[in-house]
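Trainee: I am new to this structure and would like a close look at a single part of it. Please take me through the buried interior and the contacts around it.

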Amino acid sequence: MTHCKVISRLSTVFTRSALSLVKVNRSPLPGITSLASRNISTSQIKMVKQLGQEEAINVDQELFNEYRFSVDQLMELAGLSCAHAIAKVYPDAINILVCCGPGNNGGDGLVAARHLQLLGFNPSVFYPKRTNKELYNNLVNQCRMMDIYFLEEMPSLATLDRDYSVIVDALFGFSFKPPVRENFLPVLAALSQTSTPLASIDIPSGWDVETGPVVPEEGQPETPCLKPDLLISLTAPKKCASMFEGRHHYLGGRFVPRRLAAKYQLNLPQYPGVETCVKL
């Protein structure tokens, strides 16, 4: 055998060995996360836990009492993520009506309205039953100082259909228990009938947090059933999200500590890059 053939065969052996080593060692070194591994897979998202009402309340209370987050701190992060999700889904929207309820869900809506204006949209707010506490008064004042218009009454169905690109449902959150108060029934009726896309924050207002659309008990008025186009779950989806049939489902509120997520086995997806919301 000539020297040239020997060298050629040795070269082939070394090349194949090197390639096999490369294939074996394709996984990243321990402790190092590759860029590819940061992508969100469908299998990850399908495993996200859906919370019942009691568990959702417990998670919130632990954030407040054990982790020492303040209500306004989490509300700011939640409302910001809602504004970002709405901007992603409806980038060409102009006039946005934000319907706010008396609790924390309404506070999220007030924060979202402020950020939507900063993102270039034209929000207005319908806030029929206000909470006379410093936190909510401050949120209203911030919106007013930014020249965000507050409506005195719910627009007619014709006006909702004609004048608004998107309507934000921030009336009731996960602590809601049926039946709906009588003075909110006309508001829900209008939101259930409008042809304008509806974006619900955390849960569609009037839904049972665990079972979804409410079947009224005998003698109780029927609760209008909202069918949002966009659902923005906060912290983690609630069980009623399994009944959601709209086109867009986002998770917002990138503030859950890893230890808390592990304790409740939330299986939250990774948020891409510096995003505050992730599509489910």
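Mentor: What follows is a walk through the interior, from a strand to the cores, the cysteines and the rings.

The model is a predicted one, and strand 1 (residues 95–100) is a convenient place to start. Strand 1 is mostly covered, with five of its six residues buried. Its neighbour is strand 2 (residues 122–126); the two run parallel and are joined by five bridges. One such pairing can be followed by residue: Cys99 has Phe126 as its bridge partner in strand 2.

Next come the nonpolar cores. The largest of them has 56 residues, and those that touch the most other members are Ile86, Ile96, Leu110, Val125, Tyr127 and Leu230. Helix 4 (residues 71–89) supplies the largest share of this core, nine residues. A second core, separate from that one, has 20 residues, including Cys99, Phe172, Leu185 and Val187.

Val125 deserves a look of its own. Leaving out residues up to four places away in sequence, Val125 touches Leu97, Val98, Cys100, Leu110, Ala113, Ile148, Tyr149, Phe150 and Leu151. One residue on that list, Phe150, has a charged neighbour: the charged end of Arg144 sits over the Phe150 ring, 4.6 Å from the ring centre.

Now the cysteines. How many disulfides does the count come to? The count is zero. A disulfide needs two cysteine sulfur atoms within 2.5 Å. The sulfur of Cys100 has its closest cysteine sulfur in Cys99, 7.5 Å away, so the gap is too far for a bond. Cys143 is in no disulfide either, as the nearest cysteine sulfur, that of Cys100, is 7.7 Å away. Cys100 is buried, with a relative accessible area of 0%. Cys143 is also buried, and its relative accessible area is 0%.

Last, the aromatic rings. The structure holds one aromatic pair. The pair is formed by Phe172 and Phe184, with 5.1 Å from centre to centre and 75° between the planes, which makes the arrangement edge-to-face. Phe172 and Phe184 lie twelve residues apart, each in the loop between strand 4 (166–170) and helix 8 (185–193). Both of these phenylalanines are buried. Phe172 also ties this part of the account back to the cores, being one of the residues in the second core, as is Cys99.

How values were computed: Residues are numbered from 1 along each chain as its sequence is written. This is a predicted model: local features need pLDDT of at least 70, side-chain atom pairs count only at pLDDT 80 or more; totals for chains, interfaces and linings use all residues. Side-chain values use heavy atoms; hydrogens and water are left out. Rings of Phe, Tyr and Trp (its six-membered ring) pair if their centres lie within 6.5 Å; planes under 30 degrees apart count as stacked, over 60 as edge-to-face and the rest as tilted. Helices (H or I, at least four residues) and strands (E, at least two) are DSSP runs, numbered from the N terminus. Buried means under 20% relative accessible area, exposed over 50%, partly exposed in between (1.4 Å probe, protein chains only). A charge sits over a ring if NZ of Lys or CZ of Arg is within 6 Å of the ring centre and within 35 degrees of the ring normal. A nonpolar core is a set of buried Ala, Val, Leu, Ile, Met, Phe, Trp, Tyr and Cys residues joined through side-chain atoms within 4.5 Å. Contact means heavy atoms within 4.5 Å. Two strands pair if DSSP finds at least two bridges between them.
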